[in-house]
Amino acid sequence: MEFSYKNPTQIEFGQGKIASISNLIPKENKILVVYGGGSIKKNGVFDQVKDALKEHTWCEFGGIEANPTKESLDKAVLFGRENDIDYILAVGGGSVADGCKYIANSFYYEGDGWDLLTGDFTPTKAPELGVVLTLAATGSESNTGAVITKAETKEKRFFHSPFSYPQFAILDPDVLKSLDDRQLANGVIDAFVHTCEQYITSSHGLKAQDYYSEGLLRGLYELSTTYDNRDDKWYANLFWMANQALNGLIGSGVPQDWGTHFIGHELSGLYGMDHARTLAVIQPHLLRELIDEKKDKLLQMGKNVFGITTSNPEDVIVKIENMYKSLNVDLKLSSYTEDTQIKDKVTNLLEKHGFVKFGDKESINLGIVEKILDRAL
Ligand code: NZQ
Ligand code: ZN
């Protein structure tokens, strides 16, 4: 086990915490407040932000899409430059948080911000970033990742940067109460799959990472079984577990397999599918294709997460599928698109993005991807 771990984001968790941004952002900063399609103007979040920023100088940029596009984000960069801002406050879900990471990292760059995604540009400075998170799913509020779409080419790619760590993230579970069933189910599934990608690999015997992951998986599974009776604790549990699933801790020092995410990103780019739905559609079949290699971990998961004793890893995959179905998620890829060229398009994009061999043992090649997609259709 060898790793380096640091997570500098200050978390302010609890009801009414949005007010604390008045002290978290220095008064001398000029703030760009960025949000999505308008949910924050209907559920009271924008009013709370406005109240908290009474003594600050700020301007606003709205309209960041779910699966945020570089085309919209480039406009936000220009707007921010025109207004001479030096601090960015993201108010929204993972898309707005990711979008603000792109805005921050490309803010002082003369070239095309997409160069961040291709690896052609590495930033050396960026305005600081804060997040008021309104959707529990991605963990973006305290990690360095951001996933951005180029609408022109239907490509969805990710980048990491140390400048993407927010200075702070506000997690008020009351804010989640205006989410609809679809987005809440997405949140449970995204956090569950994040944990799986850092857990369903090979047996390594590192107990903190394994048992912590199993705790999160059990908790998220329980949220799926109590989904119809959501109370304050349900929302608080989801918010904190989604954060913990992808703040870097459980993955430190252990093998990881982000194969489901890599394939899922291409599906969102091509067909605009919700991120979590791409994962629910792909993951069970990826596990089936790699069942021998993942057998030990699947059986361990069956015992320690679902409480079943079995020698057949397929039983565990069925448990995972049933969990997604119980959240009313359609698991057939053909329900999301009628495109008959899916396999070609996905494998071409993966190849273009350099993913010809991936997974913790590099056993997922483009032929395996085609088999996974065949099963998923
Ligand atoms: O745009 P608005 O009007 O705000 O509506 C949003 C959006 O339509 C709505 N919403 C958010 N908070 C709400 C709300 N509606 C009512 N009440 C609230 N409190 O929900 C819709 C979806 O929002 P979005 O931000 O897209 O969802 P999510 O947080 O699931 O983010 C998904 C994006 O994050 C990326 C995904 O690929 C996708 O682009 N990911 C980012 C990761 C990261 N940075 O670490 C990791 C993930 O694996 C993921 O790839
Ligand atoms: Zn995800």
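This note goes through a predicted model, starting with its ligands and ending with selected loop residues.

1. **Ligand 1: the shell.** The shell around ligand 1 holds 31 residues. Those that come nearest are Gly-37, Ser-39, Gly-94, Ser-95 and Lys-156. By class, 20 residues of this shell are polar, 8 are nonpolar and 3 are charged.

2. **Ligand 1: polar pairs.** Which protein atoms lie 2.7 Å, 2.8 Å and 3.1 Å from a nitrogen atom of ligand 1? At 2.7 Å there is a polar side-chain atom of Asp-98. At 2.8 Å there is a polar side-chain atom of Ser-178. At 3.1 Å the partner is a polar backbone atom, and it belongs to Gly-145. On its own, ligand 1 has 960 Å² of accessible area, and the protein covers 87% of that.

3. **Ligand 1: where the shell comes from.** Four elements give two or more residues each to the shell around ligand 1. They are the helices α5 (94-106), α7 (181-197) and α10 (259-271), plus the strand β6 (145-150). Both domains take part: domain 1 (10-174) and domain 2 (181-376) each supply at least three residues to the shell.

4. **The zinc ion.** Ligand 2 is a zinc ion. Its protein donors are Asp-190 through OD, and His-194, His-261 and His-275 through NE2. These donors lie 2.1 Å from the zinc ion. Along the chain, their spacing reads D-x3-H-x66-H-x13-H. As a reference for reading such a site, ideal angles are 109.5 degrees for four tetrahedral donors.

5. **Two zinc donors on one helix.** Asp-190 and His-194 both sit in helix α7. They are 4 residues apart, about one turn of the helix. Are these two donors buried or exposed? Asp-190 counts as buried because its relative accessibility is 2%, which is under the 20% cut-off. His-194 also has a relative accessibility of 2%, so His-194 counts as buried. Helix α7 also appears among the elements that give two or more residues to the shell around ligand 1.

6. **Gly-93, ahead of α5.** Gly-93 is in the loop between β4 (87-92) and α5. Its relative accessible area is 15%, so Gly-93 is buried. How far apart are Gly-93 and Val-131 in sequence and in space? They are 38 residues apart in sequence, and their C-alpha atoms are 9.3 Å apart.

7. **Leu-135, ahead of β6.** Leu-135 lies in the loop between β5 (128-133) and β6. With a relative accessible area of 17%, Leu-135 is buried. Leu-135 and Leu-184 are separated by 49 residues in sequence. In space, the two are 7.9 Å apart, C-alpha to C-alpha.

8. **Thr-153, after β6.** The loop between β6 and β7 contains Thr-153. Thr-153 is partly exposed because its relative accessible area is 34%, a value between the 20% and 50% cut-offs. The Thr-153 side chain makes a polar contact with the side chain of Glu-155, at 2.7 Å. Thr-153 and Lys-345 are 192 residues apart in sequence, with 12 Å between their C-alpha atoms.

9. **Ser-164, after β7.** Ser-164 is in the loop between β7 (155-160) and β8 (168-171). Its relative accessibility is 0%, so Ser-164 counts as buried. Which side chain does Ser-164 contact? The partner is Asn-105, whose side chain makes a polar contact of 3.0 Å with the side chain of Ser-164.

10. **Positive phi: Asn-328.** Most residues other than glycine have a negative phi. Asn-328 has a positive phi, near 60°. Asn-328 lies in the loop between α13 (313-326) and α14 (342-352). Asn-328 counts as exposed because its relative accessibility is 65%, which is over the 50% cut-off.

11. **Positive phi: Glu-362.** Glu-362 is not a glycine, yet its phi is positive, at about 55°. Its place is the loop between β9 (357-358) and β10 (364-365). At 47% relative accessibility, Glu-362 counts as partly exposed.

Terms used
Residues numbered from 1 in each chain as written. Chains lettered and ligands numbered in written order. Predicted model: local features only at pLDDT ≥ 70, side-chain atom pairs only at ≥ 80, totals over all residues. Heavy atoms only, no water. Near = heavy atom within 4 Å. Polar contact = N/O pair within 3.5 Å; in protein donor to acceptor, adjacent residues only side chain to side chain. Areas by Shrake-Rupley, 256 points an atom, 1.4 Å probe, with all protein chains shown as cover. Nonpolar A, V, L, I, M, F, W, Y, C, P; charged D, E, K, R; others polar. Domains from an automatic or database assignment. Donors = N, O, S within 2.8 Å, 3.2 Å for Na, K, Ca; no water. Buried < 20%, exposed > 50% of the residue type's maximum accessible area, 1.4 Å probe, protein only.
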